[in-house]
Amino acid sequence: KRISSSLAGVAIATSLLPPLCVSAIGIALLDIQIFSGALLLFAANVASILFVAIITFSIVGLKKKKFSELRLKAMLVTATVLIIIANPLLTLLENQSFELLAYPTVKDILTQKLESYSPNITLDAIEVTTHNNGQMLVTTNVLLPSDLSIDYEQQKELVGALETALERPVNLKLQLQRTIS
């Protein structure tokens with residue numbers, strides 16, 4: 001009995017507190033993406049807990065006649081909220097999945113193309129993000145020997161190769177850092 005009574009509290013604490021903390025961090029950093037994503041996860045968790053609680057209490061034995069109509073309304077409201085929340089969650093999941101799958105492709109293309117320009121060019125960091133309009137933002141640090149440069153035509157070639165591979169428009173931001181070789 002002790003375990004079953006504390007289990008609900010632990011489940012609620014582990015599903016509700018972390019998204020709230022992250023949304024507060026998003027506010028502190030003034031980052032709307034972090035804030036909205038965490039708040040969306042919090043809302044989904046609350047609605048899911050309510051929905052499962054209603055079903056559980058119905059199965060366990062709260063079947064009084066006066067509660068049946070209220071229970072039905074509560075189930076419809078929470079199911080509707082879950083359906084409404086599901087759309088942005090699926091969009092976020094799709095974007096995150098695409099970014100994870102696109103990262104190795106972006107890294108391979110940039111590495112091959114930059115090595116074809118010079119074997120002394122190296123990549124330091126790559127960040128791949130998806131915008132709401134479907135455009136990919138690829139940001140990378142390029143370590144470039146002091147005697148080399150990447151001209152506009154080479155940058156266009158990089159963007160073209162990335163757009164062909166990813167089948168999406170790409171905004172490429174190369175942060176060039178000179179190195180001593």
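Which residues does Thr-140 touch, not counting residues up to four places away in sequence? The legends below begin with that residue.

The model is predicted, so local features need pLDDT of at least 70 and side-chain atom pairs count only at pLDDT 80 or more, while totals for chains, interfaces and linings use all residues. Residues are numbered from 1 along each chain as its sequence is written, and side-chain values use heavy atoms, with hydrogens and water left out.

**View 1. Surroundings of Thr-140 in strand S2.** Helices (H or I, at least four residues) and strands (E, at least two) are DSSP runs, numbered from the N terminus. Thr-140 touches Leu-110, Leu-123, Ala-125, Ile-126, Lys-173, Leu-174 and Gln-175, not counting residues up to four places away in sequence; contact means heavy atoms within 4.5 Å. Thr-140 counts as buried, at 1% relative accessibility. Buried means under 20% relative accessible area, exposed over 50%, and partly exposed in between (1.4 Å probe, protein chains only). The side chain of Thr-140 also reaches the backbone oxygen of Ala-125 at 2.7 Å.

**View 2. Thr-139, also placed in strand S2.** At 17% relative accessibility, Thr-139 is classed as buried. With neighbours within four places in sequence set aside, Thr-139 is in contact with Ala-125, Ile-126, Glu-127, Lys-173 and Gln-175.

**View 3. Pairing of strands S2 and S3.** Strand S2 (residues 136-145) runs in the parallel sense with strand S3 (residues 170-179), over 10 bridges; two strands pair if DSSP finds at least two bridges between them. Val-142 stands opposite Leu-176 in S3. Together with helix H4 (residues 152-166), S2 and S3 make a right-handed β-α-β unit. A crossover is right-handed if, with the strands pointing away from the viewer, the path from the first strand over the helix to the second runs clockwise.

**View 4. The largest nonpolar core.** A nonpolar core is a set of buried Ala, Val, Leu, Ile, Met, Phe, Trp, Tyr and Cys residues joined through side-chain atoms within 4.5 Å. Of the 20 residues in this core, Val-106, Leu-110, Val-138, Val-142, Leu-162 and Leu-172 touch the most other members. Helix H3 (65-117), strand S1 (122-130), S2, H4 and S3 each supply at least two of its residues, and H3 gives the most, with five. Apart from neighbours within four places in sequence, Val-106 is in contact with Ile-126, Val-128, Val-138, Leu-162 and Leu-166.

**View 5. Helix H2 and its N-terminal end.** Helix H2 (residues 32-60) has 29 residues and reaches 41 Å from its first C-alpha to its last, close to the 42 Å expected at 1.5 Å a residue; the expected span is 1.5 Å times one less than the number of residues. Asp-31 caps the N-terminal end of H2, with a side-chain oxygen 3.0 Å from the backbone nitrogen of Gln-33. The buried residues of H2 include Ala-38, Leu-40, Ala-44 and Ile-54. Val-52 lies in H2 as well and is partly exposed, with a relative accessible area of 49%.

**View 6. Two loop residues with positive phi, Leu-30 and Glu-167.** Leu-30 lies in the loop between helix H1 (2-29) and H2; its phi is near 55°, and it counts as exposed at 77% relative accessibility. Glu-167 is found in the loop between H4 and S3. The phi of Glu-167 is near 55°, a positive value in a residue other than glycine, and Glu-167 counts as exposed at 70% relative accessibility.

Note on methods: Polar contact = N/O pair within 3.5 Å; in protein donor to acceptor, adjacent residues only side chain to side chain.
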